[in-house]
Amino acid sequence: MRNSKTPGAADPGRRDVLRTAGVALAAAAGTAMAAPVAAQSLSAAARNSGPLGARLQGVQHFGLTVQNMERAYEFYTEVLGGTEVFRHGDFQGDTVHNTLLADQDILAGELGVNPRTIGVPDLRGGAQRLDVRFIQFDNVVIELLQYRDADQPMGGPRAFAEPVQHMSPAFPRMMHICFHVRDDVDFNKFITDLEAESARRGMNQVRANRIIRVNTEAERRAAPQSANTNKVTVAPSDGWELIYCKGPEGEQLEFVKALGPVKQRFATTLAARQRATR
């Protein structure tokens, strides 16, 4: 069936589903999940004429475009424990194409090239389609997106565009997804178990960096478990523990714990923000 609507317009109740499913990420790294920040005492008219920040409820989701939908879905649900909210797909047509890709069409025109040469799918004509799946975590949603050729099945391993390889986090516009590890978890063992479970599923890109210098993959694997976690002791980040790794699609991931002083800084800032915006 041809679907020319945007994902948000395809189902009149979908915006409400998203709004309730995605609990706002309100400086979540240092605190327990908090209620969305909202100026409850304001009238709608006052809110709509006020600062832009007062009109927001926080971060609803992060989007990740993937090459292999089923592989990414398995990682974020079965390995990391997220819960599917819903999935929707086969998006095509003029409205969705314009909503998502108009700026890229304009750029292609300015460059005098076929949009396809700069990675722009043809959702307008239906040669390509877009599928999405929303994965709920405790305080935010991750949206998995796959652009595929129309003759490819939903959830298949072949995306429309070639994946970008060897993306360093130092590149401008490079983003990462950060997961908050519980305070009482053995962080070094968590990383060891994450790598092992991912490898068992054939997701060999899921490899964490070490805090000691290594020059080969064999040296990285041979590093002691104690070399997994970077523990920051210098203010104002004191109490922050982190590792960087790549996900199964080559995406940049971070896992953190926020303990002690840095945890209190997040909590204090969140409390002050909530007081100021109510």
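**Exercise 1. Contacts along the chain**

Among contacts in the protein between residues at least 6 apart in sequence, what percentage join residues at least 24 apart?

*Solution.* Keep in mind that this is a predicted model. Start with the contacts between residues at least 6 apart in sequence. Of these, 65% link residues at least 24 apart. Next, look at the elements: the protein has 8 helices and 8 strands.

**Exercise 2. Finding the core**

Work out which parts of the protein build the largest nonpolar core.

*Solution.* Begin with burial: 38% of the 278 residues count as buried, meaning under 20% relative accessible area. In soluble globular proteins, nonpolar side chains tend to be buried together. Here, the largest nonpolar core holds 26 residues, and those with the most contacts inside it include Phe75, Leu144 and Phe255. Now go element by element: helices H4 (69–79) and H6 (187–200) each supply at least two core residues, as do strands S4 (141–149), S5 (176–180), S7 (240–246) and S8 (252–258). H4 gives the most, with 6 residues. Finally, zoom in on Leu144: among the residues it touches are Leu64, Met69, Tyr76 and Ile135.

**Exercise 3. Exploring the pocket**

Describe the largest pocket and its lining.

*Solution.* First, the space: the largest pocket encloses about 1800 Å³. Second, the lining: 46 residues line this pocket, and Leu64, Thr65, Val164, Met167 and Met174 are the closest to its centre. Third, the classes: the lining has 24 nonpolar, 12 polar and 10 charged residues. Last, the elements: those supplying at least two lining residues each include strand S1 (61–65), helix H5 (94–111) and helix H7 (217–222).

Notes: Residues are numbered from 1 along each chain as its sequence is written. This is a predicted model: local features need pLDDT of at least 70, side-chain atom pairs count only at pLDDT 80 or more; totals for chains, interfaces and linings use all residues. Side-chain values use heavy atoms; hydrogens and water are left out. Helices (H or I, at least four residues) and strands (E, at least two) are DSSP runs, numbered from the N terminus. Buried means under 20% relative accessible area, exposed over 50%, partly exposed in between (1.4 Å probe, protein chains only). Contact means heavy atoms within 4.5 Å. A nonpolar core is a set of buried Ala, Val, Leu, Ile, Met, Phe, Trp, Tyr and Cys residues joined through side-chain atoms within 4.5 Å. On a 1 Å grid over the protein atoms alone, a cavity is a set of points where a 1.4 Å probe fits but cannot get out, and a pocket is an open set with protein on both sides within 12 Å along at least five of seven lines; lining residues have an atom within 4 Å of a point. Grid points are joined across faces, edges and corners, and a volume is the space filled by probe spheres set on the points. Ala, Val, Leu, Ile, Met, Phe, Trp, Tyr, Cys and Pro count as nonpolar, Asp, Glu, Lys and Arg as charged, and the others, Gly among them, as polar. Lists of a residue's contacts leave out its neighbours within four places in sequence.
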